[in-house]
Amino acid sequence: MKPFLRENIPTDLEEIPDAPAYEAGYLVTKNAGWRNVRPVIDPLKCTVCLNCYLHCPDGVIFRKDGRVEIDYDFCKGCGICKKICRLGAIEMEAEKNG
Ligand code: SF4
Ligand code: SF4
């Protein structure tokens, strides 16, 4: 896998790629089945600062149409994104089918 940010140092938020920084490699198995809580972003509080995007250990937060979204197929529910969001725009909610 080639880490995008190691070879392409962004100088502007617009240069940060929309999708995760890693090429598809070994972590391609969906892991949503063992998650019992999921992060939910409140678009009214989110300023798209991309802090959660930069800190998600699995690279499953991405930008789409000027918003920040989460790929729930691969989010493991660790809650790091909630802790890193200074605006309180992310809440962890219980999975309904757990
Ligand atoms: S850290 Fe919070 S405010 Fe920043 S993009 Fe993520 S959800 Fe939005
Ligand atoms: S809960 Fe963990 S894996 Fe899921 S989006 Fe947040 S930081 Fe990434």
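## A tour of the predicted model

Gly77 makes contact with Arg35, Val37 and Met92, once its neighbours within four places in sequence are left aside. That is a handy place to start looking around this structure, which is a predicted model. Gly77 belongs to the loop between β3 and α3 (80–84), and its relative accessible area of 15% falls under the 20% limit, so Gly77 counts as buried. One of its contacts, Val37, is 40 residues away along the chain, yet the C-alpha atoms of Gly77 and Val37 are separated by 5.6 Å.

**The chain as a whole**

The protein chain contains 3 helices and 4 strands, arranged along the sequence in the pattern α-β-α-β-β-α-β. It has 98 residues, and 26% of them count as buried. Looking at contacts between residues at least 6 apart in sequence, 64% join residues that are at least 24 apart.

**The β2–β3 hairpin**

Strand β2 covers residues 61–64, and strand β3 covers residues 67–70. The two run antiparallel and are joined by 4 bridges. One of the pairings puts Phe62 opposite Glu69, its bridge partner in β3. Together β2 and β3 form a hairpin with 2 residues between them. Asp65 sits in that turn, with a positive phi of about 50°, although Asp65 is not a glycine. At a relative accessible area of 75%, above the 50% limit, Asp65 is therefore classed as exposed.

Which residues of β2 lie on its covered face, and which on the uncovered one? Ile61 and Arg63 are on the covered face, while Phe62 and Lys64 are on the uncovered one. Arg63 has a relative accessibility of 16%, which is under 20%, so this charged residue counts as buried. Beyond four places in sequence, Arg63 touches Leu13, Glu14, Ile16, Pro17, Asp18 and Leu50. Its companion on the covered face, Ile61, has its own set of contacts outside the four-place window: Cys52, Tyr53, Cys56, Val68, Glu69, Ile70 and Cys81.

**The nonpolar core**

Ile61 also appears in the largest nonpolar core, which has 15 residues. Cys52, Ile61, Val68, Ile70 and Ile90 are the members that touch the most other members. Both α2 (51–55) and β3 supply at least two residues each to this core. In soluble globular proteins, nonpolar side chains tend to be buried together.

**Two ligand shells**

Now for the ligands. Ligand 1 is surrounded by Cys46, Thr47, Val48, Cys49, Leu50, Asn51, Cys52, Val68, Cys85, Leu87, Ala89 and Ile90. By class, this shell holds 10 nonpolar and 2 polar residues, with no charged ones. Three of the names here have already come up in the core: Cys52, Val68 and Ile90 are in this shell and are also among the core members that touch the most others.

Ligand 2 has 13 residues around it, and the closest are Cys56, Cys75, Cys78, Gly79 and Cys81. Its shell divides into 9 nonpolar, 2 polar and 2 charged residues. With so many cysteines listed, how many disulfides are there? The count comes to 0.

Leu50, from the shell of ligand 1, deserves a second look. This residue lies in the loop between β1 (37–41) and α2, and its phi is near 75°, a positive value in a residue other than glycine. Leu50 is also one of the residues touched by Arg63.

**Accessibility around the ligands**

Here are four residues side by side, with Pro57 added for its place in the sequence after Cys56.

| Residue | Relative accessible area | Class |
|---|---|---|
| Leu50 | 2% | buried |
| Cys81 | 8% | buried |
| Cys46 | 23% | partly exposed |
| Pro57 | 45% | partly exposed |

Why is Cys46 partly exposed while Cys81 is buried? The 23% of Cys46 lies between the 20% and 50% limits, so Cys46 is partly exposed, whereas the 8% of Cys81 is under 20%, so Cys81 is buried.

Pro57 itself is found in the loop between α2 and β2. Leaving aside neighbours within four places, Pro57 is in contact with Lys76, Cys78 and Ile80. The C-alpha atoms of Pro57 and Cys75, 18 residues apart along the chain, are separated by 9.4 Å. Cys75 and Cys78 are both listed among the closest residues to ligand 2.

Key. Residues are numbered from 1 along each chain as its sequence is written. Chains are lettered from A and ligands numbered from 1 in the order in which they are written. This is a predicted model: local features need pLDDT of at least 70, side-chain atom pairs count only at pLDDT 80 or more; totals for chains, interfaces and linings use all residues. Side-chain values use heavy atoms; hydrogens and water are left out. Buried means under 20% relative accessible area, exposed over 50%, partly exposed in between (1.4 Å probe, protein chains only). Contact means heavy atoms within 4.5 Å. A residue is near a molecule or strand if one of its heavy atoms lies within 4 Å of it. A disulfide is a pair of cysteine sulfur atoms within 2.5 Å. Two strands pair if DSSP finds at least two bridges between them. A nonpolar core is a set of buried Ala, Val, Leu, Ile, Met, Phe, Trp, Tyr and Cys residues joined through side-chain atoms within 4.5 Å.
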